[in-house]
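Got a new structure in front of you and not sure where to start? Let's walk through it with some questions and answers.

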Amino acid sequence: MDVKIESHFIAVDVKIREQISHYGDQQDRSTSVKADVTNWTIHHNDTTFDKFIHKFHGLYPKHQIKELWGVSYSMGDYAETHNHSGFDLSFAWFVDSCPLCTPLVFPNTRKLWMPPVATYTPEVGTLLVFSGQDNHYVPPHTCRHKRVVISGNAQLINTEAAVNDPWQQ
């Protein structure tokens, strides 16, 4: 089982953490992430995230972010194993964490008794990008402070269709 994960660094503006905190839990813990999760499209009406989006598109110019949300894990919060099927890329950007925070884990789904394929300890500013098909989870958070992440999904831009589409000209 191969999992390709790319790692980048994007400096974090403190305003992003504050804004995620301001949104609070808008999903009522109804998703696979059992933590405070914002709405799926916080980037549509909030310019706080524009700088990050611009940097992401600089790294992945052939992709467009379709969904962007914030997650704030308190002690005991976790994410069940899930993937982002239907999207080309998914990502996690660590906004606030420490070296003792619970990792992002990519399990060996073919041999669950084996060690995970990959485990990433969060570091503030680290952006991890992976296939939307890759299963992953976050074990229960054990630190007293919040573990804050921006997550999202991106799609490959169909540049040929855009060029030939009279509505795009």
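Two strands count as paired if DSSP finds at least two bridges between them. Keep in mind that this is a predicted model.

Q: How many bridges join β5 to β10?
A: These strands run antiparallel. One of the links has H82 with H136 as its bridge partner in β10. The number of bridges joining β5 to β10 is two.

Q: Which residue of β5 does V33 stand opposite?
A: Let's look at another pairing of β5: strand β2 (residues 33-34) and strand β5 (residues 78-82) pair in the antiparallel sense. Two bridges hold that pairing. The residue opposite V33 in β5 is A79.

Q: Is H136 buried or exposed?
A: H136 sits in strand β10, which covers residues 136-138. Leaving aside neighbours within four places in sequence, H136 is in contact with residues including E80, H82, L104, F106 and F130. Its relative accessible area is 5%, and under 20% counts as buried, so H136 is buried.

Q: Which backbone oxygen does the side chain of H136 reach?
A: Stay with H136 for a moment. The distance in question is 2.9 Å. The backbone oxygen belongs to D134.

Q: What is the order of the strands in the open sheet of six?
A: The pairing in this open sheet is antiparallel. Its edge strands are β1 (5-9) and β3 (36-37), each of which pairs on one side only. From one edge to the other, the order is β1-β9-β6-β11-β4-β3.

Q: Which residue in β9 stands opposite F9?
A: Start at the β1 edge. Strands β1 and β9 run antiparallel and are joined by five bridges. Opposite F9 in β9 stands T126.

Q: In β4, what is the bridge partner of D36?
A: Now for the other edge. β3 and β4 pair in the antiparallel sense, over two bridges. The β4 partner of D36 is S72.

Q: How many bridges pair β4 with β11?
A: The two strands pair in the antiparallel sense. As an example of who faces whom, Y73 stands opposite R147 in β11. The count of bridges between β4 and β11 is 10.

Q: How many of the 11 residues of β4 are buried?
A: On one side of β4 is β11, paired through 10 bridges, and β3 pairs with β4 as well. Strand β4 is largely enclosed by the rest of the structure, because the number of its residues that are buried is eight.

Q: Why are the buried residues of α2 on the same side?
A: In helix α2 (residues 50-59), the buried ones are F52, I53 and F56. They share a side because, around the axis, they cover an arc of only 100 degrees.

Q: Which exposed residues does the face of α2 turned away from its buried side carry?
A: First, the buried side: its cover includes β4 (63-73), β6 (89-96), β9 (126-131) and β11 (147-156). Helix α2 lies across β1, β4, β6, β9 and β11, running at about 130 degrees to β4. Turned away from the buried side are the exposed residues K51, H54 and G58.

Q: Which element gives the largest share of the largest nonpolar core?
A: This core has 20 residues, and F52, F56, L68, F91 and I150 touch the most other members. The elements giving two or more residues to this core are α1 (14-23), α2, β4, β6, β9 and β11. With four residues, the largest share comes from β6.

Q: How many residues does the other core have?
A: This core lies apart from the largest one. Among its members are V71, A79, A92 and F94. Its number of residues is 18.

Q: What separation do the C-alpha atoms of P116 and V105 have?
A: P116 is in the loop between β7 (104-106) and β8 (118-120), and at 38% relative accessibility it counts as partly exposed. Not counting residues up to four places away in sequence, P116 touches V105, F106, P107 and N108. Although P116 and V105 are 11 residues apart along the chain, their C-alpha atoms are separated by 6.8 Å.

How values were computed: Residues numbered from 1 in each chain as written. Predicted model: local features only at pLDDT ≥ 70, side-chain atom pairs only at ≥ 80, totals over all residues. Heavy atoms only, no water. Buried < 20%, exposed > 50% of the residue type's maximum accessible area, 1.4 Å probe, protein only. Arc of directions from axis to C-beta. Contact = heavy atoms within 4.5 Å. Core = buried A, V, L, I, M, F, W, Y, C linked by side-chain atoms within 4.5 Å. Axes fitted to C-alpha atoms, helices over the stretch in contact; angles between N-to-C directions. Polar contact = N/O pair within 3.5 Å; in protein donor to acceptor, adjacent residues only side chain to side chain.
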